[in-house]
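Here is a quick walk through a protein model, from the whole chain down to a few residues. Have a look at the structure first, then read on.

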Amino acid sequence: MEGLGNDWKWTGSRIVLPLAAIYVARFFYTFVSVRLVFYRLKKRRFPMIKWNPILGNLASIASFMKTAPKDAQVAMTFATLAAESGFDKCFYMDTWPFGFSALVVTSPDLAVQACQALDLPKPDLLVPLISPMAGARTIFDSNGPEAKRGRELFHYGFSMRSVLGYVPCILQEVEVYVDVLRKLAKTGKIFLMDEITCRYVMDIIGNVALGTRFISQRRYHPIASSMRDTIDRECQIETGNQFSRMNPVRWFKQWRNSRTMNHYIGLELEKRYQQLKHAEFSSPSGPKTLMDLAMAEHFKTSPVAGETLDPKFKAWATAHMRLFLFVGHDSTAVTIVYCHYLLSKHPEILAKVRAEHDEVFITDLAKTASLLRERPELINRLPYTLAVIKETLRLFPPANGLREGSSNVVLRDTKTGTTYPTDGFAIWILHAAVHRNPRHWPDPHSFIPDRWLVEPGHPLYPPAGGWRPFEHGPRDCIGQSLALLDIRTTLLMTVREFDFKDQYAEWDRQHPEHGLNTMFGERAYTVQAGSAHPAQGMPCKVSLTARSPHKSSSS
Ligand code: HEM
């Protein structure tokens, strides 16, 4: 026993104590270095909220957060903070050790410099945010030749031409979504619009990217369910549940989810490879899915060989499929939800959207899907619907842009000549702030789709570089054409048949303890759940309009 005690003492004095000392020394070294950087910025009067040498901006942020709903998304909270503090260019943010040191960009011109003119790289801090979902490095969090090669392989699959070819896949899933909504209309019950729409768009991505029908709107599917479970567990960390970060159950479940996704996606890829080997891709019926197209591109330069798919390519393709399942469903789904929400609040705009659908498509709702299947290009003839979607994305941008600063890069205010150093900072293009910047957008918090239809020179005409929900430049969103197609198709197939009504008043009545519940005067403020989702999942009721072919059977 005594020997065991001595062993522990030895371990303590020779290993644990020195390690603890190194950790503490590193902590203080970083603490002093970070605070010194901000101290110098403050002395030079760079924009920053109240800062102190011990806590940086943490104390001011904590007190500001008390003025926002307790579950509000950090990005929306910072956008409010920027608006209230008058930071209409940018501001520096010192949240170490809880967050990264950031130069937060709130103006179009600085955003254009970071993402387009200078094309700065993406920072490594994206890796832990994306890797639980993707399982490995992907184009999203890579730079240089790796990212370039990935974009080349998927370029054709995401082009407008290919994307129109996915219309039949999208229609298969929208038909299930519409059926789910009809059933909800029949019951008259409150449901979470966010939840059903996320499942629906995940089904679209499974179909478009992999050629697999998950039908997760109706039943369990291992890939869809593992992905949603992984996202939900990550969100618990994002929303500040630090216990979840340490929780071994979370590690185990995410490890198991990862294995499940890799296994089932791997099976699908092998199936596609066998078809490719037997030259079925050159037949009129293929290639069809995003992954088919990427494989076909890959095998243009790497000859098809081997009984099974090359393991290196298979691992790369699996990670990218997982990435698309995540980024390809989350932001698109919330945009659909917010479109419905804003249209329900603005009946005059809803009436115009319905009129446009009637004019371009057939007035018989039962025949809309078959007409779109026959003539998918008609979807590009809905300018007012597109304006509604753009305005929704302006008010509720689901994502942001992140770039890495460096010692030889400054952002420059082109009017005043002020330069903003970027060395040691992640440059956070805060879309919610750029999109609601009052210096660039008249009436910035109002829903005005006509902004997107007026001529240059009109006071409402959007500012150059001021709208960037998909970012711009060489690292813009590769899936934007697909996202816009999904959203337009969904609106076409739903707005004339359904009336939506949010049930926030009822939710608030049942949860008086929740406290503050608006941001920018908006009840459906955003919360962090992967991308920016509507608060409380947007409780909602749906009913059939008089025009629905199913009206009589439900009444
Ligand atoms: C409304 C829907 C969507 C929004 C608002 C959105 C937004 C964005 C934004 C802002 C970025 C750039 C991030 C940065 O610069 O740091 C991005 C990148 C990306 N998005 Fe999307 N996205 C949407 C839908 C999609 C879809 C449907 C897919 C694919 C299925 C997709 C795939 C990607 C990929 C792969 C990247 C990384 C591109 C690169 O780094 O080169 N996104 N998205």
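## The overall picture

The protein chain has 21 helices and 11 strands. Its radius of gyration is 25 Å, close to the 24 Å that the globule rule gives for 555 residues, so the chain is as compact as a globular protein of that length. Keep in mind that this is a predicted model. If you want a feel for the dimensions, the C-alpha trace spans about 80 × 60 × 50 Å along its principal axes.

How much of the chain is tucked away? Of the 555 residues, 53% count as buried. Sequence-distant pairings are well represented too: take the contacts between residues at least 6 apart in sequence, and 74% of them join residues at least 24 apart.

## Surface and charge

On the outside, the protein chain exposes about 25,500 Å², and carbon and sulfur atoms supply 59% of that area. As for charge, there are 67 positive and 54 negative charges in the chain. The mean positions of these two sets are 3 Å apart.

## Cysteines

A disulfide is a covalent bond between the sulfur atoms of two cysteines. How many does this structure hold? The count is zero. C540, for instance, is in no disulfide, and the nearest cysteine sulfur, that of C339, is 13 Å away. The cut-off for a disulfide is a pair of cysteine sulfur atoms within 2.5 Å.

Buried or exposed, where does C540 fall? C540 counts as buried because its relative accessibility is 2%, and the cut-off for buried is under 20%. C198 counts as buried as well, at 4% relative accessibility.

## A buried loop residue: Q73

Q73 sits in the loop between α2 (58-65) and α3 (74-85). At 4% relative accessibility, Q73 counts as buried.

Which residues does Q73 meet? Setting aside neighbours within four places in sequence, Q73 is in contact with T526, V527, Q528 and A532.

## A buried helix residue: L342

L342 belongs to helix α14, which covers residues 311-345. With a relative accessibility of 4%, L342 counts as buried.

If you leave out residues up to four places away in sequence, L342 touches T392, L395, F396 and F447. You can also check L342 against V388: the two are 46 residues apart along the chain, and their C-alpha atoms are separated by 8.9 Å.

Conventions
Residues are numbered from 1 along each chain as its sequence is written. This is a predicted model: local features need pLDDT of at least 70, side-chain atom pairs count only at pLDDT 80 or more; totals for chains, interfaces and linings use all residues. Side-chain values use heavy atoms; hydrogens and water are left out. Helices (H or I, at least four residues) and strands (E, at least two) are DSSP runs, numbered from the N terminus. The radius of gyration is taken over C-alpha atoms; the globule rule is 2.2 Å times the number of residues to the power 0.38. Buried means under 20% relative accessible area, exposed over 50%, partly exposed in between (1.4 Å probe, protein chains only). Contact means heavy atoms within 4.5 Å. Accessible areas come from the Shrake-Rupley method with a 1.4 Å probe; for residues, only the protein chains shown count as cover. Lys and Arg count as positive and Asp and Glu as negative; His and the chain ends are not counted. The place of a charge is taken as NZ of Lys, CZ of Arg, CG of Asp or CD of Glu.
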